[in-house]
Amino acid sequence: MKKYIVSILFGLLIGFFLSKTLLEEYHGYTKVKTVSSTGVTAYFVKYGEYDSIEDLEKETVSLVNYIYTEKDNKYSVYIGITTKPENLEKLLTYFKNMNYNVTTEEFIITNKDYINYLENADKLLTNTNDLTVLGEVSSQILSKYEELVINGSKD
């Protein structure tokens, strides 16, 4: 009986130290990305981040079309979406020529209908350098995102 108690205590002690070591390894690890088998990585062109919806509305009066998200009481405004890095560069150049201070963020999109639409729109962006077409296609991409992803998710 004494032999079993010593073995059980020894096993618990080893288990404690192994789990402590494992948890310490992952404690500060922040490079984990969400992975989806049906999603695609999309590049969003970010226009700005605001503390209130009033600030957002005031600062986006001149924009033709945009979408926004709210996270941790901060409102982020996006004015372009693409799945191709070369189109991202075109959009960044287009918006910087309009004197917009823009950045990019990556998100995973899983809505199949929107993914199909975005892939077709990306073909248009790839085949043009016309600034008017870039602006119009970008605006349509945002409208379709709002229709299929934002409003579609509420149904």
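**An open antiparallel sheet with helices packed on it**

In this predicted model, four strands make up an open sheet, ordered 2-3-1-4, and the pairing is antiparallel. Strand 2 (67-71) and strand 4 (103-109) sit at the edges with a single partner strand each, so one side of each has no neighbour in the sheet. On average, neighbouring strands are turned by 45 degrees against each other, direction ignored. Strands here (E, at least two residues) and helices (H or I, at least four) are DSSP runs numbered from the N terminus, and two strands count as paired if DSSP finds at least two bridges between them.

Residues are numbered from 1 along each chain as its sequence is written. Local features need pLDDT of at least 70, side-chain atom pairs count only at pLDDT 80 or more, totals for chains, interfaces and linings use all residues, and side-chain values use heavy atoms, with hydrogens and water left out.

Strand 1 (residues 40-50) pairs with strand 4 in the antiparallel sense over seven bridges; Tyr 43 has Glu 106 in strand 4 as its bridge partner. Helix 4 (residues 112-126) packs on the sheet and touches strand 1, strand 3 (74-82) and strand 4, its direction making about 60 degrees with that of strand 3. Contact means heavy atoms within 4.5 Å, while axes are lines fitted to C-alpha atoms (for helices over the stretch in contact), with angles from 0 to 180 degrees between N-to-C directions.

As for Thr 41, this residue is found in strand 1 and touches Thr 83, Glu 106, Phe 107 and Ile 108, leaving aside residues up to four places away in sequence.
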